[in-house]
Amino acid sequence: AIISVAFCAILFAVGKQISHRIAGPVYAFERFLKANLAEEPNAEGHLKLRQGDDFKHLEDLANEVIARLNEIKEKRSVNVIEYEEKKSDT
């Protein structure tokens, strides 16, 4: 019984560590994208994952996304057309 409990505790600890290494980067990437798409003033310009996290390629992808968003913002122009309602003399 003691060996079974110890084995379960070890498996739980290992599973928790692995899930944090996987879920953490995905959560950070999601927060990063939401903040930058919403143009929040405190949004960071880059995504930095912890040492030992999986999905390190998300950092490169985040940089590409931000570069593309900045490119789109620079090209975007707004044409303002003034509209005057003409009063009819009837």
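**Burial, salt bridges and core in a predicted model**

Buried residues account for 13% of the 90 residues in the protein chain. The model is a predicted one.

Student: What makes up the secondary structure of the protein chain?

Tutor: The protein chain has two helices and zero strands.

Student: Why is the pair E30 and K34 called a salt bridge?

Tutor: The closest N and O atoms of E30 and K34 are 3.1 Å apart. The cut-off is 4 Å between a side-chain nitrogen of Lys or Arg and a carboxyl oxygen of Asp or Glu, so the pair qualifies.

Student: Where do E30 and K34 lie?

Tutor: Both are in helix α1, residues 2-37, and four residues apart, about one turn of the helix.

Student: Why is E30 called partly exposed?

Tutor: Its relative accessibility is 39%. Buried requires under 20% and exposed requires over 50%, so E30 falls in between.

Student: How do you know that K34 is exposed?

Tutor: K34 has a relative accessible area of 53%. The threshold is over 50%, therefore K34 counts as exposed.

Student: How many salt bridges does the structure hold?

Tutor: It holds two. Besides E30 with K34, the side chains of R68 and E71 meet in a salt bridge, at 2.9 Å from N to O. That value is within 4 Å, so the definition is met.

Student: What separates R68 and E71 along the helix?

Tutor: They are three residues apart in helix α2, residues 57-75, which is about one helical turn.

Student: Why are R68 and E71 called partly exposed?

Tutor: R68 has a relative accessibility of 45%, and E71 has a relative accessible area of 35%. Partly exposed lies between the limits of 20% and 50%, so both residues take that label.

Student: Which residues form the largest nonpolar core?

Tutor: There are seven: F29, F32, L47, L49, L58, A62 and I66. The elements that give two or more residues to this core are α1 and α2. Helix α2 supplies the largest share, three residues.

Student: What makes this set of residues a nonpolar core?

Tutor: Each of F29, F32, L47, L49, L58, A62 and I66 is a buried Phe, Leu, Ala or Ile, and the set is joined through side-chain atoms within 4.5 Å, so the definition is met.

Student: Which residues is L49 in contact with, leaving aside its neighbours within four places in sequence?

Tutor: L49 is in contact with P25, A28, D54, F55, K56 and E59.

Student: What share of the contacts with a separation of 6 or more comes from residues 24 or more positions apart?

Tutor: In the protein chain, that share is 54%.

Conventions:
Residues are numbered from 1 along each chain as its sequence is written. This is a predicted model: local features need pLDDT of at least 70, side-chain atom pairs count only at pLDDT 80 or more; totals for chains, interfaces and linings use all residues. Side-chain values use heavy atoms; hydrogens and water are left out. Buried means under 20% relative accessible area, exposed over 50%, partly exposed in between (1.4 Å probe, protein chains only). Contact means heavy atoms within 4.5 Å.
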